Amino acid sequence: MKNLIRIGLLASAALVLSALPARAADYRAEYRLSTVLPESFPWGAGGLRWAELIKERTGGRINVKMYPGTSLVGGDQTKEFTALRQGTIDLAVGSTINWSPQVRELNLFALPFLMPDYKAIDALTKGEVGRDLFAVLATKDVVPLAWGENGFREISNSKRDIHVPDDLKGLKIRVVGSPLFVETISALGGNPVQMSWADAQPAMATNAVDGQENPLSVFAAAKLHTVGQKHVTLWGYVADPLIFVVSRQVWDSWSPEDQRAVREAAEQAAAEEVALARKGISGNDDEMLKAIAANGVSVVRLTEAEKQAFQKATRPVFDKWVKLVGAPLVTKAEAAVAKR
Ligand code: X2X
């Protein structure tokens, strides 16, 4: 009888314990958050803000440290997603471009001229397409939480203004990530050279490459005019969203309360990051454009008619990649853009 009572007590104690939220003692002292760009860029600022909000909202139970420069994978940003799956990285704010070698659907955003304006980006990330892509990511050992933004990628170079595809002839343009970028620049007559962001700046400084393509927020914060980039063309051919994710294994080790806190922190940090990424280059706000021009950079804004020549030249690449991205997803995206 005594034994039975003892077993009963032990069993109920175990039940009570298992119902308690995971204790901070079970948590790691530090979780590693990867980004490509540091806090002087909207991207890194977003990562840091997320870490800060996580600390605040979990009462310090979850301590996240940001590692910019994709330093956890030796600067090779195309290996970031694999490192997340393997446990070298716990959280990330990553670009769709850098993860596209492992998640082919993410090439969607790099289909040339799919998204004509910011409303089009929002129509995709905030709609069914965004949810579909999160569902794909959820099958690959990560928990996607929110969409951020790197931005519309504008082309720059050290040699001349670009108005027509022919102006790209012979220009060596640094590109990153997916072969889709190599094919797009090639289709326009340029010479694409694939390399990491870390290698790109020295390559520009030494004229190993003539140009690159990145959002204006990146151009400005990285001071690309100081590495010879004196000509920028606003063509908005592609935009790369950012995705806030946590590795599935790490996520599962957290209590439901803490998971909620981390999700809400991601949503808030991402919203703030998108606003920052668009500051000075969208709506009526052209402060950043003016600052770039004031540094002696010639800024060319393509008219819709001028854009069409680039769109036409890259159409075969678009069509080829529809199959790789998945035709139903592209059709859904095109419909969402059309009715934005
Ligand atoms: O390497 C780039 O061009 C950057 C910083 O924009 C990305 O990581 C996609």
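**A ligand between two domains**

Biologist: How far does a polar side-chain atom of Asn214 lie from an oxygen atom of the ligand?
Modeller: Happy to start there, with the reminder that this is a predicted model. Asn214 is among the residues that come nearest to the ligand. Its polar side-chain atom is separated from a ligand oxygen by 2.6 Å.

Biologist: How much of the ligand's accessible area does the protein cover?
Modeller: On its own, the ligand has 270 Å² of accessible area. Of that area, the protein covers 100%.

Biologist: Where does the ligand sit?
Modeller: Around the ligand there are 13 residues, with Gln77, Asn98, Arg153, Arg174 and Asn214 coming nearest. By class, this shell holds 5 nonpolar, 5 polar and 3 charged residues. The place where the ligand sits is the largest cavity.

Biologist: How far is an N or O atom in the side chain of Gln77 from an oxygen atom of the ligand?
Modeller: Let's take Asn150 along for company: an N or O atom of its side chain is 3.1 Å from a ligand oxygen. For the side chain of Gln77, the distance to a ligand oxygen is 2.7 Å.

Biologist: Why does the ligand lie between domain 1 and domain 2?
Modeller: The domain assignment gives domain 1 as 26–150 + 241–278 and domain 2 as 154–238 + 283–338. The ligand lies between them because its shell takes residues from both domain 1 and domain 2.

Biologist: How many residues of domain 2 are in contact with domain 1?
Modeller: Taken over C-alpha atoms, the centres of the two domains are 24 Å apart. On the domain 1 side of the contact there are 32 residues. From domain 2, the number is 35.

Terms used. Residues numbered from 1 in each chain as written. Predicted model: local features only at pLDDT ≥ 70, side-chain atom pairs only at ≥ 80, totals over all residues. Heavy atoms only, no water. Near = heavy atom within 4 Å. Polar contact = N/O pair within 3.5 Å; in protein donor to acceptor, adjacent residues only side chain to side chain. Areas by Shrake-Rupley, 256 points an atom, 1.4 Å probe, with all protein chains shown as cover. 1 Å grid on protein atoms, 1.4 Å probe; cavity = no way out; pocket = protein on both sides within 12 Å on 5 of 7 lines; lining within 4 Å. Sits in = over half its atoms within 2 Å of the grid points. Nonpolar A, V, L, I, M, F, W, Y, C, P; charged D, E, K, R; others polar. Domains from an automatic or database assignment. Contact = heavy atoms within 4.5 Å.
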